[in-house]
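Q: Please explain the terms used for this structure, setting each value against its definition.

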Amino acid sequence: MVLNLIFLGPPGAGKGTVAQAVMDKYKLVQVSTGDLLRAEIASGSELGKKLAEVMNAGQLVSDDLVSEMLLKDLTKKASNPDFNGVIFDGFPRTQSQASMLENILLGINQKLNAVIYIESSKESVVKRLSSRWTCEKCKKVYNTVSLPPKSEGICDDDGGNLIQRDDDKPETISKRYDTFIEKTSPLIDYYKSKGILYKYDGNVPPVDSIKAAEEIIRRIVKE
Ligand code: ADP
């Protein structure tokens, strides 16, 4: 069965961490608009410089730009003969992106199976994001408090250096949370009204969050 899921939640709710954990099990691919945008920044392009400004201010990048990047990445991934579904991590973030996603999925003959909303308080995400570290090479995410690497500053998987994101500064984190509440949280009711919303409490350690998400996915697969 092909499974297309959205992980919805504020920055630092654990969307990426949980996605990494469940992907292999269900042979899904992850599409992270944040990663796509950071790759553009890393390329050193003029566009990348503009993106960095917007992202470091805790604001959202324009819907058209993000949707275009997502369409390109998703089309490539979905054309793989082994394609078994996707986890959208960080997209959609506005009502307009949600509508664009519907069209994009229609265009590649796919449908959305479920939206998993990871509820998290501002207090817990601010704490988490300030201790978040990412592998420079493979982008695997660690947390020095709850999910530390085996040796400090080094990725367990490929020995890459662990770096901190520019937008994980306290002022930016707080602004990103507020942006989520203002622009993205209306999607919770939107997907609820479509009958595909599942939610759980994400204010728990990563292992428990992963368990809760797996439990929901098992239910969805059975339905
Ligand atoms: P987080 O979920 O922790 O904020 P992301 O990596 O998903 O991390 O996003 C980082 C930043 O990239 C966001 O604060 C925003 O500026 C930009 N961004 C990512 N996805 C989108 C999107 N779908 N629409 C607009 N901006 C986005």
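A: The shell around the ligand holds 7 nonpolar, 6 polar and 7 charged residues. Ala, Val, Leu, Ile, Met, Phe, Trp, Tyr, Cys and Pro count as nonpolar, Asp, Glu, Lys and Arg as charged, and the others, Gly among them, as polar. This is a predicted model, in which local features need pLDDT of at least 70 and side-chain atom pairs count only at pLDDT 80 or more, while totals for chains, interfaces and linings use all residues. Residues are numbered from 1 along each chain as its sequence is written, and side-chain values use heavy atoms, without hydrogens and water.

Q: What makes the pair between R38 and the ligand a polar contact?
A: A polar contact is a pair of N or O atoms within 3.5 Å. An N or O atom in the side chain of R38 is 2.8 Å from an oxygen atom of the ligand, so the pair meets the definition.

Q: How do you know that the length of helix α4 agrees with its number of residues?
A: The expected span is 1.5 Å times one less than the number of residues. For the 16 residues of α4 (residues 63-78) this gives 22 Å, and the end C-alpha atoms are 21 Å apart, which agrees.

Q: Which residues of α4 are called buried, and which are called exposed?
A: Buried means under 20% relative accessible area, and exposed means over 50% (1.4 Å probe, protein chains only). V66, S67, M69, L70, D73 and L74 are therefore called buried. On the other side of α4, D64, E68, K72 and K76 are exposed.

Notes
A polar contact is a pair of N or O atoms within 3.5 Å; within protein, one must be able to donate a hydrogen and the other to accept it, and residues adjacent in sequence count only if both atoms are side-chain atoms. Helices (H or I, at least four residues) and strands (E, at least two) are DSSP runs, numbered from the N terminus.
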